[in-house]
Amino acid sequence: QGGYTLLRDCVEGRRDVESVIKVMEDSGLRGLGGAGFPAGRKWHIVRNEPAPRLMAVNIDEGEPGTFKDRHYLERDPHRFLEGLLIAAWAVGIASVYVYLRDEYHGCRALLEAELAKLRAAPPAAGLPEIELRRGAGAYICGEESAMIESIEGERGMPRLRPPYVAEVGLFGRPTLEHNFETLYW
């Protein structure tokens, strides 16, 4: 039903990176993980860092009683996946790490199946590698650098700043960090 059309337009050159990032900046969309940092500005900052650049996506939902990401993911996973892929294209992301709540067994199965379909029949050329990682279920891992520590196999504790995650993030590389809902919208 028209899914991945915008991604194809981007990858095939009908949209250029600067105009897509400007649309994001002008939209006023802010990160929906808590800090509210402007999403388009974050894309611009990370894009200006040296490659390879990585992306980390938080779908851990460590807040008690929260399941909004799960709700959206189970009903429309491709809206999230297309948002993720457009962000990866615009920023020049080499690999994406999706930090998924360990208790979301059904969501893991759903994402694994849909990612396998995308790999088998890519909607556009040059998709980044996307890896699912088990969330630690710790509220503190909602903080971007604590989540990155957890993805790297360390205890999920926030890092001191500077440097910021956009400069020195996952595995020491510039990292675009978003939560599920930001990429979904």
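These legends describe close-up views of a predicted model.

**View 1. The tilted pair of F80 and F180.** The whole structure holds 6 aromatic pairs. One of them joins F80 to F180. The ring centres lie 4.7 Å apart. The planes meet at 35°, and the pair is classed as tilted. Stacked pairs need planes under 30 degrees apart and edge-to-face pairs over 60, so 35° falls into the tilted class. F80 belongs to helix α5 (residues 77–91) and F180 to helix α8 (residues 180–184). The pair therefore ties together parts that are 100 residues apart in sequence. Both F80 and F180 are buried.

**View 2. A cluster of aromatic rings.** Ring pairs connect Y72, F80, F180, Y184 and W185. F80 and F180, the tilted pair of View 1, are among them.

**View 3. R101 over the ring of Y104.** The charged end of R101 sits over the Y104 ring. Its distance from the ring centre is 5.9 Å. The cut-off for such a contact is within 6 Å.

**View 4. Cysteines without disulfides.** A search of the whole structure returns 0 disulfides. C141 takes part in none. Where is the nearest cysteine sulfur to C141? The sulfur of C107 is the nearest, 18 Å away. A disulfide requires sulfur atoms within 2.5 Å, so C141 and C107 do not qualify. C141 has 1% relative accessibility and therefore counts as buried.

**View 5. The setting of C10.** C10 has a relative accessibility of 2%. Buried means under 20%, so C10 counts as buried.

Methods:
Residues are numbered from 1 along each chain as its sequence is written. This is a predicted model: local features need pLDDT of at least 70, side-chain atom pairs count only at pLDDT 80 or more; totals for chains, interfaces and linings use all residues. Side-chain values use heavy atoms; hydrogens and water are left out. Rings of Phe, Tyr and Trp (its six-membered ring) pair if their centres lie within 6.5 Å; planes under 30 degrees apart count as stacked, over 60 as edge-to-face and the rest as tilted. Helices (H or I, at least four residues) and strands (E, at least two) are DSSP runs, numbered from the N terminus. Buried means under 20% relative accessible area, exposed over 50%, partly exposed in between (1.4 Å probe, protein chains only). A charge sits over a ring if NZ of Lys or CZ of Arg is within 6 Å of the ring centre and within 35 degrees of the ring normal.
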